[in-house]
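User: I'd like to go through some labels on this one and see what stands behind each. Can you take me through them?

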Amino acid sequence: MHHQGINLQHGCIFTPNDQDLLEHYLKPKIYGQKLPCNIVKDKMIYGPGANPWHVLDASSTQWISSGKFEKTVYVFTRVTSQAVLKASEKKSCGVGRKQCVKKAGCGTWRKKIGCNKMKKGDTIIGFKRQLVFEINDASKLGDGIGLDNVGFWKMDEYCLCGNDDFVLCRITLDTSKNAKVVSLCPKAVSSCSRKTEEDRKIISIDDSAEVSYDDSTEVKNLRDED
């Protein structure tokens, strides 16, 4: 594993587990506390114009090599109303009511498996979703970019219990695979709306899986910083 431009001490590598990312990076970031290192940057991953190959520059020193054809980057991002498919859009596009789909540039990040509950003892402290980027409109890839050179993008998205609006994402690019191309109605991909309380209710939690940890610690719901 190779690191560039990261302020880790000599001989250290960055291999955080799910609990590390939730408790030692996302939680202090939301509370305005000091982070252990500078590897997790603020980026706008969701919303209009947020093609992952544009937001995450291939030459950035924040990438971590994680295999022969894979590299990974960690980012903080906000989930805005422009990114989340509303209930009416899901219905018109044939997307399941509980399906997590978020708009980003020419496509969408779509949840592929159930949402993991992350627990300490009996207390749920957060959630982990696994998503894949799907291209819905190839005409918006960008100048000089084709389907054969954008790669395959996947993501682990972490949120604290009580705060779906600010998340930490572990995004991996696999250059040995082709991008996923899936048709979605143009209205859902391009439409934008103002944020309302109803928008905030769209992200649904699937109770199909749990991730538990040993000691019992209660984490209070965080305030909305919007």
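Analyst: Here come the salt bridges, then burial, then strand pairing. This is a predicted model, where local features need pLDDT of at least 70 and side-chain atom pairs count only at pLDDT 80 or more, while totals for chains, interfaces and linings use all residues. Residues are numbered from 1 along each chain as its sequence is written, and side-chain values use heavy atoms, with hydrogens and water left out.

User: What makes Asp 18 and Lys 128 a salt bridge?

Analyst: The term needs a side-chain nitrogen of Lys or Arg within 4 Å of a carboxyl oxygen of Asp or Glu. For Asp 18 and Lys 128 the N to O distance is 3.2 Å, so the pair fits that definition. Asp 18 sits in helix 1 (residues 18–31) and Lys 128 in strand 8 (residues 123–135), 110 residues apart. Helices (H or I, at least four residues) and strands (E, at least two) are DSSP runs, numbered from the N terminus.

User: Which residues are linked with those two in a network of salt bridges?

Analyst: Asp 156 and Arg 170 join Asp 18 and Lys 128 in that network. Across the structure there are eleven salt bridges.

User: Why does the bridge between Asp 164 and Arg 129 tie together separate parts of the sequence?

Analyst: Asp 164 lies in strand 10 (residues 163–174) and Arg 129 in strand 8, so the pair connects parts 35 residues apart in sequence. Their closest N and O atoms are 3.6 Å apart.

User: Why is Arg 129 called buried?

Analyst: Buried means under 20% relative accessible area, exposed is over 50%, and partly exposed is in between (1.4 Å probe, protein chains only). Arg 129 has 0% relative accessibility, so it counts as buried.

User: And why is Asp 164 called partly exposed?

Analyst: Asp 164 comes in at 22%, so it lands in the partly exposed class.

User: How do you know which class Lys 140 and Asp 137 belong to?

Analyst: Lys 140 has 41% relative accessibility, so it counts as partly exposed. Asp 137 has 24%, so it gets that label too. Their side chains meet in a salt bridge at 4.0 Å, N to O.

User: What makes strand 5 and strand 6 a pair?

Analyst: Pairing takes at least two bridges found by DSSP between two strands. Strand 5 (residues 101–104) and strand 6 have four and run antiparallel, so they pair. Val 101 has Arg 110 in strand 6 as its bridge partner.

User: How many bridges join strand 6 to strand 8?

Analyst: Five, and these strands run antiparallel. Arg 110 stands opposite Val 132 in strand 8.
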